[in-house]
Amino acid sequence: MPQSEPPIPRSGPPVNIYVDWALATNFRYCRPGKWVPLLVQFDRATLTPDDEPLRQFARLDWLGVQWKDAVKIAEPFLNPPDFLRKSKVVDFCVLSVLRERIRGVVADAGWRKTILQAELGPPSTHPLQAMTANNVSQIVDADRVLIGVIDEGIAYAHERFRDGPTTRIEYLWRQDSGSELDAVAINQALARFTVNGRTDEERLYQALGDIDYSVDGFKALARRRSHGTHVLDLAAGASSGAAPKNRPIVAVELPPAMVADPSLTPLYAHIMSGIVYVLLRAQQLAGGGRLPVVVNVSYGPHHGPHDGQSLFESLLEMLIALAKPSNTPLTVVLAAGNFRQSRVHARRVIPRGSPAVEIGWRLQPEDRTPSFVEFWADAGKSAVDLVMTVTSPSGDTRTVSAAQLNSVFTSAAGAEIFRATYEPVTISPGRSRFSVITAPTAADPPLAAGPLAPAGQWIISLVNRGASAVTVEGWIGRDGPIGGRRPLGRQSYFDDATYGRYDATGVALEFDPAPNLSKVLRSGTLSGIATGVSPLVIGAFQRKSSMPTSYSSMGPASGAGTRQGPDALAAGDDSLTCPGILAAGTRSGSVVPMNGTSVAAPKMTRCVADQVAVGAPALPPLNPPPAAVPPALQPKVVGGGLLAASPYVGTPLRNQRP
């Protein structure tokens, strides 16, 4: 670290506790990368009132001159859609900061004055920028709706995304390399590698840099199946000759290495940049006319306040509202999450003046990634009277409260083992947050030196010294293995002896029993970005039985959040013995199964696009919930109902199994 850069101030709550953690640990647990992406909310009051806020912010006049060359604004925000550029209320942006200089940037007086909140993303080789396409086409067909998919491993040369020899993908932004392919570039590549009507997709992807076997790392398009290809096929795929002319595709390829990064660095900056990018290209494709946009995001973290007030959710609400009167109105479809049975949510009322309420948190052995948990207190003055004590399996403790905001436990060598933090002021109005972050429980590689946290049961103890009871809800950060990759993380979970996993006959419980004596809940497990009002949130059901899948997350939202559960369910599995839904593999002609709310959401995205095209309500007609789901649970689990079989254009039986 350059000597001229001061240490980050620790006198009060940080702009983001995970930014502070990454700096304190010198990015030890983050993937390599020169640039650190950040989704930020800025204070418009610090800017000139008469100017366009986003354009003014992007000039970086608010930042100390010595740091300006260390900050790059993401390209979609440098040249945003007109409705975003002209808005006087927009207050968010995505930027990348040089990793070696980020300590000085966030300590700068201009940064601390202007930036209200920041969400840390995984470091990358390139800043989040996109090349400007030279070719701009227009979609003039009737009932046109643009489908946007933001995902990983999009096989853009696949026959399901073509109409004859030409692609249906108008634009593809590959965030990892900061490059963009438009339809002209994709068609040129297809023509180059097509002989006698057959495309050599392997050579095409190698030539365009998507597969490079000389470089280590995960290669999504080198595998039999990929998440992004499967999702895009369900959302917009079609057989050649049956492809609709009025459903242009704009895709965003998330960086594969960032998708797998387990170090408390969610993809909020990448996804928000991707949505703005899709809207920008939609504006160009519209040619002055109207082109509604439906964007699918099959991504779901665990953590957050779950009340619709997280930074990402708040900014997404603003983006949807600003786009509504424009010629590219936006509908966002989100996956509900797959966490109902994961024991990652706990809730307890902390009575006034009572003995400590203890919650067990189980860290698994051989977890090569950090673990973290958040506890959110309900809005109210009494929340400041809570005291949290963390006790590790080895007996080490740390306590935080309004009088002690941060407490770090270190090894004898001074390396951080775990930290506890209390934030009296958060992005969620009136709600305070307690959090605990630990080092991994195992080294990676196995014999590497470094601090390790003890595996086993950690005890989170909460004491209420206030005048009234306080409700506290906790969520554990997502830390499981990412499909197809070498397992690193192992999901920690709340450990409570009263949690019922099976009924008296040995059958696994689908929902919380009544009465429920456990602090650990299946309810309230919606994705941490899926509790807002405007996005459509889609869970999964089993096609054969019509029952919600056991993993599909459920509501209600926390705190003052109004969402009761998902808006609807779509098929996520064919049956108990045939898990998953069939859709495209990474090569033309292949069909593979994948399951989860990640595949239910794009099935709904296709139907939502059809609804929006004719000016109908976004949700299509739904089948009623199954009678086996208790009526009291239906709003929390099923929402409005079940999506009937959605069309798989061109080959309607291809994704059906007996």
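How do the residues of the lining of the second largest pocket divide into nonpolar, polar and charged? The answer is 11 nonpolar, 7 polar and 8 charged. Before going further, please keep in mind that this is a predicted model. With that said, let us stay at this pocket for a moment. The space in the second largest pocket comes to about 640 Å³. Its lining is made up of 26 residues, and those closest to the centre are Asp-176, Gly-209, Asp-210, Phe-218 and Pro-256. If you would like to find the walls in your viewer, look for strand E8 (169-174) and helix H10 (256-259), each of which supplies at least two residues of the lining.

From the pocket, let us move to helix H1, which covers residues 17-24. Is this helix mostly covered or mostly open? It is mostly covered, since 7 of its 8 residues are buried, and buried here means under 20% relative accessible area. The buried residues are Ile-17, Tyr-18, Val-19, Asp-20, Trp-21, Ala-22 and Leu-23. An α-helix has 3.6 residues a turn, so residues three or four places apart point the same way. The partners that the buried residues of H1 pack against come from several parts of the chain. Among them are strand E1 (35-42), helix H5 (102-107) and strand E4 (115-120). Strands E17 (371-377), E21 (416-423) and E22 (433-438) also pack against the buried residues of H1.

Both ends of H1 deserve a look. At the N-terminal end, Asn-16 acts as a cap, with a side-chain oxygen 2.8 Å from the backbone nitrogen of Tyr-18. Just after the helix, Asn-26 takes a positive phi of about 55°.

Strand E4, one of the elements that H1 packs against, contains Ile-115. Ile-115 is buried, with a relative accessible area of 3%. Its C-alpha atom is separated by 9.5 Å from that of Phe-92, a residue 23 places away along the chain.

Next come the aromatic rings. A pair of aromatic rings is described by the distance of the centres and the angle of the planes. How many aromatic pairs does the structure hold? There are 14. One of them joins Trp-62 and Trp-111, a tilted pair with 6.2 Å from centre to centre and 50° between the planes. Trp-62 sits in the loop between helix H2 (53-58) and strand E2 (71-73), while Trp-111 belongs to helix H6 (residues 109-114), so this pair ties together parts that are 49 residues apart in sequence. Trp-62 counts as buried because its relative accessibility is 11%, and Trp-111 counts as buried at 2%. A second pair to find is Phe-375 with Phe-494, which is tilted because the ring centres are 6.1 Å apart and the planes meet at 55°. Phe-375 lies in strand E17 and Phe-494 in strand E25 (residues 493-495), so here the parts tied together are 119 residues apart in sequence. Phe-375 is buried at 1% relative accessibility, and Phe-494 is buried at 1% as well. Returning to the two tryptophans, ring pairs link Trp-62 and Trp-111 with Phe-42 and Phe-57 into a cluster.

Phe-494 also leads us to His-345, because Phe-494 is among the residues in contact with His-345, a residue that is itself buried, with a relative accessible area of 1%. His-345 has its place in strand E15 (residues 345-350). Its other contacts, leaving aside neighbours within four places in sequence, include Glu-473, Gly-474, Trp-475, Lys-519 and Ser-523. From Ser-523, the backbone oxygen lies 2.7 Å from a polar atom of the His-345 side chain.

The tour ends with some backbone details. Most residues other than glycine have a negative phi, and most peptide bonds are trans. Asn-196 has a positive phi near 55°, and its place is in the loop between strand E10 (194-195) and strand E11 (198-199). At 78% relative accessibility, Asn-196 counts as exposed. Arg-343 also has a positive phi, near 55°, but Arg-343 counts as buried at 18% relative accessibility. You will find Arg-343 in the loop between strand E14 (330-335) and E15.

Which residues does a cis peptide bond join? One such bond joins Asp-444 and Pro-445, with omega at about 0°, and Pro-445 lies in the loop between E22 and strand E23 (456-464). Another cis bond joins Gly-555 and Pro-556, where omega is about 5°. Pro-556 belongs to the loop between strand E26 (536-542) and strand E27 (568-573).

Note on methods: Residues numbered from 1 in each chain as written. Predicted model: local features only at pLDDT ≥ 70, side-chain atom pairs only at ≥ 80, totals over all residues. Heavy atoms only, no water. 1 Å grid on protein atoms, 1.4 Å probe; cavity = no way out; pocket = protein on both sides within 12 Å on 5 of 7 lines; lining within 4 Å. Points joined across faces, edges and corners; volume = space filled by probe spheres on them. Helix = DSSP H or I, 4+ residues; strand = E, 2+ residues; numbered from the N terminus. Nonpolar A, V, L, I, M, F, W, Y, C, P; charged D, E, K, R; others polar. Buried < 20%, exposed > 50% of the residue type's maximum accessible area, 1.4 Å probe, protein only. Contact = heavy atoms within 4.5 Å. Polar contact = N/O pair within 3.5 Å; in protein donor to acceptor, adjacent residues only side chain to side chain. Phe/Tyr/Trp six-rings, centres within 6.5 Å; stacked < 30°, edge-to-face > 60°.
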